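Here's a quick briefing on a ligand-bound chain, meant to be read with the model open. Have a look at the sequence and the fold, then run through the notes underneath.

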Amino acid sequence: MCKPGRRHWLAILLAAFAAAFFLATPVNAEPAARSVLVLGGTGQLGRAILAELSATHAVVSVFARENSSRAGIPQQAGEGRTIEWLVGDLLNEADIDRAFAGRRIDIVINAVRVEDGDVHFYEKIMGPLLRNSRRAGVQQFIHHSAVGAGDNVEKFRNLGWERVPGIFERLKDQGIAETLLRESGVPYTIIRNARLYPASQPATGKAVLTEDDSVISPMTRADLARLTVGCIGDPRCVNQSFHVSDPSLRWPLP
Ligand SMILES: NC(=O)c1ccc[n+]([C@@H]2O[C@H](COP(=O)([O-])OP(=O)(O)OC[C@H]3O[C@@H](n4cnc5c(N)ncnc54)[C@H](OP(=O)(O)O)[C@@H]3O)[C@@H](O)[C@H]2O)c1
C-alpha cells in the first residue's frame, strides 16, 4: 500500500474547505433587499415608479416637500413594507443632507421636474445629491433627464423648439446636471425622456431603451417607470445614457 503523499493531504484539505463553505452558505439565499430613494415620488412619473417598485423587494423611501400631495399614493411598498417619507425641499441643501444622514441608500431615482422656470434648478440640486450619494455609497443613481439635454440639442435643431420660451436654458441646465452625474464617480443611468403621454395612459409594453441619441419618441410614464425599475442593478444600464423608443405611439397626441 502506498503512503498518502502531500498532494493527497492537500486534496483532503481543499475538500474540507469547500464543504465548510457550502454548509455556511444557505441554499437559495435571497440577496438583501435594495434600499431605494425616490425623488419626485409625488409627481406623475414618480407615482408610476412607486407603483412599479411595489412589485419588487425594494425598501422604498420618498423625498418630498412638506406640502406635496400624497393623495392616491399607496403607503405600502413591496411585501407590505411601509414607504418612508423624508420631508424636505431639494433646493435646501440641509434637507438633502438630513435625508441621507445615517440611512442606507443603495439606489437613487430622480424623477423630479422643475415647475417654476428656474433655469439653474438641476445644477443646484445635483451638487448636494451627488455629494451625499458618494458618501452613502449609492450603487446606482437613475436620473430622468430630457431629450436635447446639453449638446444633444444639436440633434434636434429642426423641431421648432425656438418657439418654446426658455427651453434652451432648461436643456442647458439638464446638460449640466448630466455632466455633474457622469463625473461624480457615482454609478449612473441617465434616461432622457420627451413627449410624455398623459399619466392616465396605460403602458404599451413596447417602449425600449436605446443608446441612439438621435431618437425622439413619444412614451407613456407607465412604460418609463417599467424601464426605470428594470434598470435597477442591471449591469447593462450602469454608466449608460439612454433615449426611449416606442414605435407603437403617435405624436402629436391623436
Ligand atoms: N412633463 C414633461 O413634458 C417632461 C418632458 C421632458 C422630460 N420630463 C422629465 O420627466 C420627469 C418627470 O416629469 P413629470 O411630468 O412626471 O413630473 P411632475 O408630475 O411635474 O412631478 C415633478 C415632481 O418633482 C417634485 N419637485 C419639484 N420641485 C421640487 C423641489 N424643489 N423639492 C422636492 N421635490 C420637487 C414635485 O413635487 P410636488 O409634488 O411637491 O410638486 C413632483 O413630485 C422629470 O425628470 C422631467 O424632467 C418631463
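Which residues of helix 2 are buried? They are L45, G46, R47, A48, I49, L50, E52 and L53. Keep in mind that this is a predicted model. Helix 2 (44–53) is worth following through the notes below, as it turns up both in the packing and around the ligand.

**Overall layout**
- The chain has 6 helices and 8 strands.
- Going along the sequence, you get the pattern α-β-α-β-β-α-β-α-β-α-β-β-α-β.
- Out of 254 residues in the chain, 36% are buried.
- For contacts with a separation of 6 or more, 72% come from residues 24 or more positions apart.

**Helix 2 and its neighbours**
- Helix 2 is mostly covered, with 8 of its 10 residues buried.
- On the strand side, its buried residues pack against strand 1 (35–39), strand 2 (59–64), strand 4 (107–110) and strand 5.
- The buried residues of helix 2 also pack against helix 6 (221–230).

**Around the ligand**
- There are 23 residues around the ligand, and T42, G43, L45, S68 and H144 come nearest.
- Helix 2 and strand 5 (140–146) are the elements that give two or more residues to this shell.
- Helix 2 gives the most, with 3 residues.
- By type, the shell splits into 10 nonpolar, 8 polar and 5 charged residues.
- L45 shows up twice here: it is one of the buried residues of helix 2, and it is among the residues that come nearest the ligand.

How values were computed
Residues numbered from 1 in each chain as written. Predicted model: local features only at pLDDT ≥ 70, side-chain atom pairs only at ≥ 80, totals over all residues. Near = placed C-beta within 6 Å. Helix = DSSP H or I, 4+ residues; strand = E, 2+ residues; numbered from the N terminus. Nonpolar A, V, L, I, M, F, W, Y, C, P; charged D, E, K, R; others polar. Buried ≥ 20, exposed ≤ 12 C-beta atoms within 10 Å, placed from the backbone. Contact = placed C-beta atoms within 7 Å.
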